[in-house]
Amino acid sequence: MYTYKQFGNTYFLSIENHQDLTEAFETFCEEQEIKVGTITGIGAVKEVTLRFFDPKTKEYEDKTFNEQMEISNLIGNITRKDGDVYLHMHITLGRKDYTALAGHLLTCIIHGAGEFVIQKIDGDVGRIYDEDCGLNLLGF
Ligand code: FE
């Protein structure tokens, strides 16, 4: 699923070709017992599902893009919700025509390289559902 090298609280991570990225991150965070952290990375993907949150309905609308794209930037944070790994990730993708597609990332399939850095933060942060905005916000 992945290979990695650890340097203190920093992990350099290579996600294997054809892997579901969200699944790989969740498995990695469970394995390494990461409760709080950050993710950054680049790579290439082929199937991407982004979601757009509609504040009126308080629901996400999902859309899948089946094309080869470059991750020009992925940034996210790691917390926990009810003990489970909770990832919040945004992504900017480069298309074949060099335009960009961006949004809140639900999942994608690595198609090529997947190179990420995960920074573990010592501590514990949960998520609490906020009735007003309809989102799971940081539970400090
Ligand atoms: Fe988001």
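**Entry 1. The iron site**

I began with H90, which has 40% relative accessibility and therefore counts as partly exposed. The model is a predicted one, and I read every value below in that light. I then looked up which protein atoms serve as donors of the iron ion, and I found H88 (NE2), H90 (NE2) and H104 (ND1), lying 2.2 Å from it. In sequence I noted these donor residues as spaced H-x1-H-x13-H. H90 in strand β5 and H104 in strand β6 are 14 residues apart, and this pair links distant parts of the chain.

Is H104 buried or exposed? I recorded 15% relative accessibility for H104, so this donor counts as buried, the limit being under 20%.

**Entry 2. H88 and its surroundings**

I turned next to H88, which lies in strand β5. Its relative accessibility is 29%, so H88 counts as partly exposed. I listed its contacts, leaving aside neighbours within four places in sequence: I75, G76, N77, H104 and R127. I also found two polar contacts between side chains of the donors. The side chain of H88 meets that of H90 at 3.2 Å, and a polar contact of 3.4 Å joins the side chains of H88 and H104. For a longer separation I checked H88 against F53: the two are 35 residues apart in sequence and 13 Å apart in space, C-alpha to C-alpha.

**Entry 3. The nonpolar core**

I looked up the largest nonpolar core and counted 30 residues in it; F25 and F116 touch the most other members. At least two residues of this core come from each of β2 (10-15), α1 (21-31), β3 (36-54), β4 (59-81), β5 (84-94) and β6 (100-121). Strand β6 gives the most, with 6 residues. As background, I noted that nonpolar side chains tend to be buried together in soluble globular proteins.

Which residues does F25 contact, leaving aside its neighbours within four places in sequence? I found L13, I15, I39, L87, M89, F116 and I118.

**Entry 4. Helix α1**

I then examined the helix that carries F25. The buried residues of α1 are L21, T22, A24, F25, F28 and C29. Seen down the axis of α1, the buried residues fall within an arc of 160°, so they line one face of the helix. I recorded what these residues pack against: β1 (2-7), β2, β3, β4, β5 and β6.

At the N-terminal end of α1 I found a cap formed by D20, with a side-chain oxygen 3.1 Å from the backbone nitrogen of T22. Just after the helix, E33 takes a positive phi of about 55°.

**Entry 5. Cysteines**

I searched the whole structure for disulfides and found 0. C29 is in no disulfide, and the nearest cysteine sulfur, that of C108, is 15 Å away. C29 has a relative accessible area of 0%, so I entered it as buried. C133 has a relative accessible area of 25% and is entered as partly exposed.

**Entry 6. Q6 in strand β1**

I located Q6 in strand β1. With a relative accessible area of 42%, Q6 is partly exposed. Leaving aside neighbours within four places in sequence, I found Q6 in contact with Y11 and Q32. The side chains of Q6 and Y11 are joined by a polar contact of 3.4 Å. A polar atom of the side chain of Q6 also lies 2.9 Å from the backbone oxygen of G8. I noted as well that Q6 and Q119, 113 residues apart in sequence, are 9.9 Å apart in space, C-alpha to C-alpha.

**Entry 7. Positive phi in two loops**

I closed with backbone angles. Most residues other than glycine have a negative phi. Against that background I looked at two loop residues.

K58 is found in the loop between β3 and β4. Its phi is near 60°, a positive value in a residue other than glycine. I entered K58 as partly exposed, with a relative accessible area of 34%.

Where is Y98 found? I placed Y98 in the loop between β5 and β6. Y98 has a positive phi of about 70°, although it is not a glycine. Its relative accessible area is 79%, so Y98 is exposed, the limit being over 50%.

Definitions and conventions: Residues are numbered from 1 along each chain as its sequence is written. This is a predicted model: local features need pLDDT of at least 70, side-chain atom pairs count only at pLDDT 80 or more; totals for chains, interfaces and linings use all residues. Side-chain values use heavy atoms; hydrogens and water are left out. A nonpolar core is a set of buried Ala, Val, Leu, Ile, Met, Phe, Trp, Tyr and Cys residues joined through side-chain atoms within 4.5 Å. Buried means under 20% relative accessible area, exposed over 50%, partly exposed in between (1.4 Å probe, protein chains only). Helices (H or I, at least four residues) and strands (E, at least two) are DSSP runs, numbered from the N terminus. Contact means heavy atoms within 4.5 Å. Donors are N, O and S atoms within 2.8 Å of the metal (3.2 Å for Na, K and Ca); water is not among the atoms, so sites may look incomplete. The arc is that of the directions from the helix axis to the C-beta atoms. A polar contact is a pair of N or O atoms within 3.5 Å; within protein, one must be able to donate a hydrogen and the other to accept it, and residues adjacent in sequence count only if both atoms are side-chain atoms. A disulfide is a pair of cysteine sulfur atoms within 2.5 Å.
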